[in-house]
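Visitor: Please take one helix of this assembly and go through it closely. After that, set it in the context of its chain and of the contacts between chains.

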Amino acid sequence: MLTALWNNRIEVVAVILFAVGFSTLLLHRNLLKKVIGLNIMDTAAYLFLTSLGYIRDRLSPIITDGATDPEAYVNPLPAGLVLTGIVVSVSVTAVMLGLTLRLYKRYHTLNLDEIYRMTHEEQEAER
Amino acid sequence: MDIIEIFLLSLIVVCGIATCASRNLMVSLIIFMAYSVLMSIVWAFLKAPDLAVTEAAVGAGISGILLFITLKRIRDLREEHEAGTAEEKEAGPDEEEL
Amino acid sequence: MKKSFKDRLQAWDSGQFELGDALVRETDGRRPPEKEEDVSWAHVPVGRVSQVERRLFRVLYPVLAGLLALVMIAFLLFVVEQLPAFGDALSPANSSEVIKRYIASGLTETGAVNIVAGIILDYRAFDTLGESHVLFTAAIVVFILLLAETELPDKPSDRRILMDDLIFKKTAFFLSPFILLFGTYVILNGHLGPGGGFSGGALIGAGLILVSMAFGPRVSGRIVALKSYRRIVLVSLLFYSLAKGYSFFCGANGLHTIFRPGTPGRIFSAGLILPLNIAVGLVVACTMFGFYSLFTRESV
């Protein structure tokens with residue numbers, strides 16, 4: 001078991017990072033911290049995908065010396081998928097930060113509990 | 001190769017945990033950018049140079065800049081708000097037991 | 001009062017020059033109560049709950065959350081242990097037909113030396129098209145979120161991040177042309193080497209942000225006029241949609257008679273990949289710079 005984990009150490013690191021980001025998302029009340037935690041989760045998932053496409057002793061997927069032998073290069077598909085994912089994650093980050101700014105302007109705090117409490121009080125007052 | 005890889009991976013885990021454990025937002029943002037740079041090096045090791053270039057530009061550059069700007073805007077807004085409500089703040093107990 | 005290493009580091013760092021007015025201000029040895037910096041752990045319940053419930057929640061929530069994270073990590077590690085070994089050429093993920101096809105005939109079919117560019121801009125170009133639209137939509141959403149406010153800033157000069165620092169200005173002066181040039185290189189060589197529209201566009205966006213930070217939006221507006229931002233994005237997306245929509249319409253045959261695969265290794269080769277890379281790069285660069293402008297409350 002331990003040797004299998006040691007051989008797959010990059011995947012293990014990805015899992016640990018995913019858990020770190022996840023617990024940040026659960027445990028922190030600060031909205032910006034939550035955004036950072038989600039970013040860490042993103043990167044961990046991408047690291048996992050990329051490490052699945054790696055093949056030992058092969059070249060990176062750029063054709064060198066005209067060799068088009070499939071046995072010569074690592075798997076290019078995860079790289080192509082992750083490449084789009086990275087750019088999507090940055091746009092998601094931007095949208096989340098925009099929402100955070102709006103929330104801060106309205107409630108003057110980044111503490112999610114405070115924001116919940118204020119919205120609750122507003123609803124109580126309306127009733 | 002193996003030693004460098006293990007060093008990088010342990011550094012990444014340390015950076016990830018430090019990002020989440022740091023109590024100051026500015027510090028954690030800086031560590032997060034370092035984390036992105038390390039991640040791009042790992043991708044270069046994994047024979048994915050496209051990802052390395054993109055992560056170095058996007059993760060370390062753009063995301064970091066956006067987070068910094070948001071923090072700066074929030075600090076500006078807080079200063080304005082505090083200047084606006086300085087008189088009211090003297091009277092009432094603002095802080096709860098949180 | 002004993003200070004931790006981090007506190008001392010911050011005090012040293014914020015001694016004379018505050019890093020963008022940022023680090024924790026030292027006030028007689030104790031941390032000032034910074035509300036939005038309150039990054040203490042765990043949530044509290046909302047609404048009408050008794051004191052006992054509140055206390056129970058504050059104990060139980062972090063414990064349960066930590067437990068959930070631990071269970072998840074154990075489960076995922078169990079899965080990782082079952083995975084094929086790292087770097088295995090015979091694992092199911094690496095021995096599929098599609099990948100062999102991409103590598104073996106990618107060069108003759110798309111003309112791209114960089115196989116990843118061939119995949120994302122030729123074989124799977126619709127993926128990338130949708131993704132560019134995701135970027136565009138995100139830019140629109142941020143636009144709506146940050147500009148749909150009635151009150152305008154009373155002090156426009158304070159709104160901008162102006163780094164009035166000589167070292168920073170000089171460094172930006174010497175560095176920004178090279179960043180912009182390198183971004184252009186990465187875009188134009190997307191089919192020949194690592195890089196492409198996404199990374200090159202992000203580099204150009206970062207260079208423009210650097211120029212705008214150092215010298216103000218007027219100088220960066222001289223490089224790319226802010227008004228033309230939406231026009232550039234629109235034209236790029238329209239071109240992309242039309243070019244790929246045409247090939248979708250024609251049964252994936254595409255414009256191979258006009259844009260030939262050409263000699264691999266030349267800059268004008270690889271068919272549609274070069275123009276598509278330029279289009280994607282323009283979209284990404286404009287979006288990144290647009291995000292920056294929106295967050296600093298410049299006009300776009």
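Guide: In this predicted model, the cover over the buried residues of α7(C) includes α3 (49-84) of chain B, along with α8 (197-215) and α11 (273-295) of chain C. The residues of α7(C) that are buried are C:Ser176, C:Ile179, C:Gly183, C:Val186 and C:Ile187. Their spacing can be read against helix geometry. An α-helix makes a turn every 3.6 residues, so positions three or four apart point the same way.

The length of the helix can be checked as well. Helix α7 of chain C covers residues 166-188, which is 23 residues, and at 1.5 Å a residue these should span 33 Å. The expected span is 1.5 Å times one less than the number of residues. The C-alpha atoms at its ends are 34 Å apart, which agrees. The helix is nevertheless bent: α7(C) turns by about 35 degrees at C:Leu175. A proline, C:Pro177, follows the bend within four residues.

Now the chain around it. Chain C has 11 helices and zero strands, so its pattern along the sequence reads α-α-α-α-α-α-α-α-α-α-α. Of its 300 residues, 34% are buried. Among contacts in chain C with a separation of 6 or more, 64% join residues 24 or more positions apart.

Chain C also touches chain A, in a contact that takes 55 residues from chain A and 56 residues from chain C. On the chain A side, the elements giving two or more residues are α1 (2-7), α2 (9-27), α3 (31-53), α4 (77-107) and α5 (112-126). α4(A) gives the most to that side, with 14 residues. By class, the side of chain A that touches chain C has 32 nonpolar, 16 polar and seven charged residues.

Chain B, whose α3 helps to cover α7(C), has a contact with chain A too. That contact takes 33 residues from chain B and 35 residues from chain A. In chain B, α1 (2-21), α2 (25-45) and α3 each supply at least two residues of the side that touches chain A. α3(B) gives the most there, with 17 residues. The classes on this side of chain B are 21 nonpolar, eight polar and four charged residues.

As for confidence, chain A has a mean pLDDT of 84, and 100% of its residues reach 70 or more. Within chain A, confidence is lowest in α1(A), at a mean of 77, and highest in α3(A), at 89.

Terms used. Residues numbered from 1 in each chain as written. Chains lettered and ligands numbered in written order. Predicted model: local features only at pLDDT ≥ 70, side-chain atom pairs only at ≥ 80, totals over all residues. Contact = placed C-beta atoms within 7 Å. Nonpolar A, V, L, I, M, F, W, Y, C, P; charged D, E, K, R; others polar. pLDDT = per-residue confidence, 0-100. Buried ≥ 20, exposed ≤ 12 C-beta atoms within 10 Å, placed from the backbone. Bend = angle between axes of the 7 residues up to and from the residue.
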